Amino acid sequence: MINITKIFFFKLEMSHNLPDLFVCVLILNFEAKCGIISYNMEAFYVKYSLKIAEYSVVAQNGVCRVWVNHCRTSGYGVINVQCPLTGAWNVTNAHRLSYIVFNRQYNNINGLDVSHLCHNRSCVLAEHLVVEPHATNSSRTKCLLRGVCQGHGPHPNCLLQYAVNNNG
Ligand SMILES: [Zn+2]
Ligand SMILES: [Zn+2]
């Protein structure tokens, strides 16, 4: 069966336009009634996908999507996120949130880094984000310094063609 929600998010990612919230809620109710999804988690993913779209714009390189809301001095975007399970609020890195919502991985990346293949710390484009151990993430610094990706075992190569000079 075709996953309507996946198509919906694919369209959102491609167009960078905000979707019609009414259509969005209809899809969610349909899938929840059919037992296809957990309503609370899907509502969380939709809510924060919209926020990520709202708080980011296409970068000068035409590909990355950079955060234009609050950023840390280090350059990483941040956002206050309400946990769908406990209701608690936490300040979260925007790129980490983006990986979680676009890959539906709320509970499965604990203890791992979300790395930027593009080396742009403010980028929240899901295609430029990968989950890996901290040591692998750190090893990417060398690639930026040398201007050529050195390879990262089973993890994807850096996308240095999109990098700006931020040591990311
Ligand atoms: Zn990027
Ligand atoms: Zn690399």
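A residue counts as buried here if 20 or more other C-beta atoms lie within 10 Å of its own, and as exposed if 12 or fewer do. With that cut-off in hand, let us walk through this structure, which is a predicted model, beginning with helix 4. In helix 4, the buried residues are Ala 94, His 95, Arg 96, Leu 97, Ser 98, Tyr 99, Ile 100, Val 101 and Phe 102. That makes 9 of the 10 residues of the helix, so helix 4 is mostly covered. For the chain of 168 residues, the buried fraction comes to 26%.

Now step back to the overall layout. The chain holds 5 helices and 6 strands, and from start to end their order reads α-α-α-β-β-β-β-α-β-β-α. Taking the contacts between residues at least 6 apart in sequence, 49% of them join residues that are at least 24 apart.

How far can you trust the coordinates? The average pLDDT of the chain is 84, and 74% of the residues score at least 70. Residues 15–19 have a pLDDT below 50, and in the model this stretch makes 8 contacts beyond near neighbours in sequence. Where pLDDT is low, the predicted coordinates should not be read in detail.

Let us return to helix 4 by way of the nonpolar core. The largest nonpolar core has 25 residues, and those touching the most other members are Tyr 48, Ile 52, Ala 94, Leu 97, Val 101, Cys 123 and Val 124. At least two core residues come from each of helix 3 (39–54), strand 2 (65–67), strand 3 (78–82), helix 4 and strand 6. Helix 4 gives the largest share, with 6 residues. As background, nonpolar side chains tend to be buried together in soluble globular proteins.

Ala 94 is a good place to look at this core in detail. Apart from its neighbours within four places in sequence, Ala 94 is in contact with Ile 52, Trp 67, Gly 77, Val 78, Ile 79 and Val 124. Two of these partners, Ile 52 and Val 124, are also listed among the core residues that touch the most other members.

Ile 79, another partner of Ala 94, leads us to the strands. Ile 79 stands opposite Thr 92 in strand 4. Strand 3 and strand 4 (residues 89–93) run antiparallel and are joined by 5 bridges. The two strands make a hairpin with 6 residues between them, and in the turn Gly 87 has a positive phi of about 85 degrees.

A positive phi also turns up in residues other than glycine. Just after helix 4 comes Arg 104, with a positive phi near 55 degrees. Arg 104 belongs to the loop that connects helix 4 (94–103) with strand 5 (113–116). Is Arg 104 buried, exposed or in between? It counts as partly exposed, because 15 C-beta neighbours lie inside 10 Å. The second case is His 119, whose phi is near 65 degrees, again positive in a residue other than glycine. His 119 sits in the loop between strand 5 and strand 6 (129–132). This residue is buried, because 23 other C-beta atoms lie within 10 Å.

Stay in that loop for a moment, since Leu 117 is found between strand 5 and strand 6 as well. Leu 117 is buried, with 23 other C-beta atoms within 10 Å. Setting aside neighbours within four places in sequence, Leu 117 is in contact with His 128, Val 130, Pro 156, Cys 158 and Leu 159. The C-alpha atoms of Leu 117 and Leu 160 are 7.5 Å apart, although 43 residues separate the pair along the chain.

Two exposed residues round off the tour. Asn 110 is placed in the loop between helix 4 and strand 5, and it is exposed because 6 other C-beta atoms lie within 10 Å. From Asn 110 to Val 131 the distance is 9.9 Å, C-alpha to C-alpha, with the two residues 21 apart in sequence. Glu 54 lies in helix 3 and is exposed too, with 11 other C-beta atoms within 10 Å. Glu 54 and Val 68 are 14 residues apart along the chain, and their C-alpha atoms are separated by 9.0 Å.

Key. Residues are numbered from 1 along each chain as its sequence is written. Chains are lettered from A and ligands numbered from 1 in the order in which they are written. This is a predicted model: local features need pLDDT of at least 70, side-chain atom pairs count only at pLDDT 80 or more; totals for chains, interfaces and linings use all residues. Helices (H or I, at least four residues) and strands (E, at least two) are DSSP runs, numbered from the N terminus. A nonpolar core is a set of buried Ala, Val, Leu, Ile, Met, Phe, Trp, Tyr and Cys residues joined through C-beta atoms within 7 Å. Two residues are in contact if their C-beta atoms, placed from the backbone, lie within 7 Å. pLDDT is the predictor's confidence in each residue, from 0 to 100. Two strands pair if DSSP finds at least two bridges between them.
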